[in-house]
Amino acid sequence: MSQGGPLPLALYAGLTGLIEPLAPRLLQGRARRGKEDPARLGERLGRASVARPPGPLAWLHGASVGESLSLLPLVEAFRTRRPDATVLVTSGTRTSAELLARRLPAGAIHHYAPIDGPAAVARFLDHWRPDLAVRVESELWPNLLLETKRRGARMALLSAKLSEDSARSWSRLPRSARALFGAFDLVLAQDATAAARLERLGAKVAGLADLKFGAEALPVDPAALDALRTEIGGRPLILAASTHPGEDELVLGAFAEIAAPEALLVIVPRHPERGPQIAALAEARLGAVSLRSAGQGLNAVSVHVADTLGELGLWFRLARLAVIGGGFVSGVGGHNPLEPARLDCPFVSGGQVENWATAYAELIAVDGCALIEASELGAVMSAALPGDPALAARAGRAWAYAQARDVEARAALGRVVELLP
């Protein structure tokens with residue numbers, strides 16, 4: 001924190017410096033609960049585990065799974081347009097790290113984001129010396145942002161959003177808000193509402209761009225896809241994707257109601273460690289069940305729990321209907337509707353999809369999907385089993401919408417790449 005800065009930010013820097021010595025013990029406790037990678041705790045303290053390559057470096061940060069994966073088109077843009085540059089991607093969760101390990105191209109580096117303590121921030125920046133720092137959505141840690149700016153890196157905030165409550169809180173600290181939001185050289189807001197809120201707080205919003213658009217279709221292993229097609233045969237497959245506690249019960253209940261012994265229900269939990277728990281629920285409700293992490297197959301079961309990472313591309317390509325989780329319970333905000341849309345897979349979700357409100361609203365406007373009540377799940381599943389032409393037509397409209405928006409989003413990536421010296 002430079003001299004003369006806003007007092008609240010100076011107090012924040014001082015307080016985080018005082019409590020930072022407790023960080024190793026707190027991180028070790030989180031690791032024991034499975035919330036941190038015990039082998040990489042040093043990264044959370046700013047200690048790099050790999051050397052910095054020579055040349056310019058673009059640092060991209062997404063907090064968790066959705067934000068991190070939304071950076072992949074930008075990673076590809078840097079690889080194509082600036083092959084001389086290193087791309088460093090940071091995130092804060094174990095699941096995001098595991099997915100990025102599968103999805104990042106060769107040459108890109110993943111590192112856990114440092115905690116926002118002054119010493120950890122200094123160690124991180126001393127080692128990586130980024131020329132450009134890009135953040136997604138609304139993850140704004142004051143020490144990290146202001147110290148990055150002080151060291152001369154250019155900064156961008158993409159898919160920027162700010163809730164009404166957060167905007168109101170920041171408005172009570174106008175000088176601090178201007179120091180943080182005004183630090184970015186480029187701000188592209190997620191929508192017009194976010195742009196207006198950010199501008200009131202001192203951000204220089206240069207336009208709209210949502211990084212949730214612009215990605216390629218989920219990848220797939222062709223051999224694994226062929227093997228599953230052979231194993232499934234002609235059985236109709238219903239997919240429940242990225243489910244959360246409370247949603248598995250809803251899906252299992254609806255599937256039990258439709259009484260279709262030839263059908264197969266595949267549940268892919270948002271957090272794979274819940275697989276055995278979901279399998280137990282399914283067995284109690286429907287009998288025979290199998291667990292993908294245990295190497296169990298699909299024959300002679302009505303429910304298969306695919307508790308693995310990075311395989312949704314398989315199941316969307318095989319499903320006659322996808323039920324997207326995160327929208328039937330409160331506090332989640334929904335999950336990505338573009339993943340099934342890009343693969344021409346019919347899908348529905350619950351109505352609590354505030355994190356994806358724009359995409360769902362636009363998809364509904366073109367009749368590309370529907371938001372339904374939990375009580376409607378059984379009827380939608382029944383209609384999908386024989387291969388409903390109306391659902392197929394709806395999926396085609398969703399596919400066309402996703403293609404058009406993805407082209408628009410990719411065009412905005414060049415503005416970010418141009419910031420790298």
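## A tour starting at helix α13

Select α13 and colour Glu-247, Asp-248, Val-251, Leu-252, Gly-253, Ala-254, Phe-255 and Ile-258: these residues of the helix are buried, meaning under 20% relative accessible area with a 1.4 Å probe, protein chains only. You're looking at a predicted model, where local features need pLDDT of at least 70, side-chain atom pairs count only at pLDDT 80 or more, and totals for chains, interfaces and linings use all residues. Residues are numbered from 1 along each chain as its sequence is written, and side-chain values use heavy atoms, leaving out hydrogens and water.

Next, show what covers those buried residues: the cover includes β8 (237-243), β9 (264-269), α14 (275-286), β11 (303-305) and α18 (377-384). Helices here are DSSP runs of H or I with at least four residues, strands are runs of E with at least two, and both are numbered from the N terminus.

Now click the two end C-alpha atoms of α13 (residues 247-258). They sit 17 Å apart, which agrees with the 16 Å that its 12 residues should span at 1.5 Å a residue; the expected span is 1.5 Å times one less than the number of residues. Step just past the helix to Ala-259, which takes a positive phi of about 45°.

Finally, zoom out. The protein has 19 helices and 14 strands. Its C-alpha atoms fill a box of roughly 70 × 45 × 40 Å along the principal axes. Of its 421 residues, 54% count as buried. Look at contacts (heavy atoms within 4.5 Å) between residues at least 6 apart in sequence: 69% of them join residues at least 24 apart.

Notes. Buried means under 20% relative accessible area, exposed over 50%, partly exposed in between (1.4 Å probe, protein chains only).
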